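The following exercises are to be worked through with the sequence and the structure at hand. Each task is followed by a solution in steps.

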Amino acid sequence: MSTPEHVVDRLCDATNRHDLDALTRCFAVEYRNQTPAHPTRSFVGRSQVRRNWEQMFGAMPDLSASITARAVAGDSVWSEWEMRGTRPDGQPHLMRGVIVFGVRDQEIADARFYLETVDADPCGIDTEVARLVGGDDAS
């Protein structure tokens with residue numbers, strides 16, 4: 001029997017092999033994805049997982065993923081990810097962040113998804129805080 005950590009490792013391995021069938025099998029049929037920072041991106045269903053990854057693999061044949069840190073608590077796996085590749089326009093693709101997986105019956109049943117595209121904006125922290133509070137750029 002696989003542990004929750006092994007299920008997440010299978011997902012990373014399937015991602016790196018671009019094995020769409022193996023990746024899809026990591027998820028429960030009624031998988032629930034919550035994206036708290038972007039609620040309209042949340043979805044339900046293994047079929048949507050498949051559609052998402054079919055597009056990703058098709059667009060970025062060099063896409064790779066790594067788990068840079070993790071913690072396991074019961075059936076939950078808190079994992080920090082980095083995904084890299086090259087977009088069709090030749091620009092680099094880089095995402096980093098955390099995914100908290102809930103694993104049941106050797107499948108990923110749910111996730112809270114905090115993976116984000118790395119911001120190439122050169123502004124510093126003062127400018128960003130000023131933007132967040134609706135002020136002018138800090139000098």
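Two strands pair if DSSP finds at least two bridges between them. Helices (H or I, at least four residues) and strands (E, at least two) are DSSP runs, numbered from the N terminus. The model is predicted, so that local features need pLDDT of at least 70 and side-chain atom pairs count only at pLDDT 80 or more, while totals for chains, interfaces and linings use all residues. Residues are numbered from 1 along each chain as its sequence is written, and side-chain values use heavy atoms, with hydrogens and water left out.

**Exercise 1. The elements of the chain**

Task: State how many helices and strands the chain has, and give their pattern along the sequence.

Solution.
Step 1. The count gives four helices and six strands.
Step 2. Along the sequence, these elements follow the pattern α-α-β-β-α-β-β-β-β-α.
Step 3. For the extent of the chain, the C-alpha atoms fill a box of roughly 55 × 35 × 25 Å, taken along the principal axes.

**Exercise 2. The order of the sheet**

Task: Determine in which order the six strands form the sheet, and which strands stand at the edges.

Solution.
Step 1. The sheet is open, with the strand order 2-1-6-5-4-3 and mixed pairing.
Step 2. Strand 2 (43-44) and strand 3 (64-73) each have a single partner strand, so one side of each is left without a neighbour in the sheet; these are the edge strands.
Step 3. In general, strands of a sheet pair through backbone hydrogen bonds, either parallel or antiparallel.
Step 4. Strand 1 (residues 27-34) and strand 6 (residues 107-117) run parallel and are joined by four bridges. Within this pairing, Gln34 stands opposite Arg112 of strand 6.

**Exercise 3. Three antiparallel pairs**

Task: For strands 3 and 4, strands 4 and 5, and strands 5 and 6, give the number of bridges and a pair of facing residues.

Solution.
Step 1. Strand 3 and strand 4 run antiparallel and are joined by nine bridges; Ala69 has Glu80 in strand 4 as its bridge partner.
Step 2. Strand 4 and strand 5 pair in the antiparallel sense over 11 bridges; here Gly85 has His93 in strand 5 as its bridge partner.
Step 3. Strand 5 and strand 6, also antiparallel, are joined by 10 bridges; Gly102 stands opposite Asp110 in strand 6.

**Exercise 4. Hairpins and positive phi**

Task: Find which residue takes a positive phi in each hairpin, and how many residues lie between the strands.

Solution.
Step 1. Most residues other than glycine have a negative phi, and most peptide bonds are trans.
Step 2. The hairpin of strand 3 and strand 4 has two residues between the strands, and Gly74 takes a positive phi near 65°.
Step 3. The hairpin of strand 4 and strand 5 has five residues between the strands, and Gly90 takes a positive phi near 90°.
Step 4. The hairpin of strand 5 and strand 6 has two residues between the strands, and Asp105 takes a positive phi near 55°. Gln106, in the loop between strand 5 and strand 6, has a positive phi of about 65° although it is not a glycine.
Step 5. A further case is His18, in the loop between helix 1 and helix 2 (20-25): its phi is positive, about 55°, and it is not a glycine.

**Exercise 5. Two residues of the sheet**

Task: Decide whether His93 is buried or exposed, and list the residues it touches. Then describe the surroundings of Glu80.

Solution.
Step 1. Buried means under 20% relative accessible area, exposed over 50%, and partly exposed in between (1.4 Å probe, protein chains only).
Step 2. His93, in strand 5, has 11% relative accessibility and therefore counts as buried.
Step 3. A contact means heavy atoms within 4.5 Å. Not counting residues up to four places away in sequence, His93 touches Met56, Met60, Leu63, Met83, Arg84, Gly85, Thr86 and Arg87.
Step 4. Glu80, in strand 4, has a relative accessible area of 38% and is therefore partly exposed.
Step 5. With residues up to four places away in sequence again left out, Glu80 touches Ser66, Ile67, Thr68, Ala69, Gly97 and Val98.
Step 6. Glu80 and Val100 are 20 residues apart along the chain, and their C-alpha atoms are separated by 8.6 Å.
Step 7. For the whole chain, buried residues make up 34% of the 139 residues.
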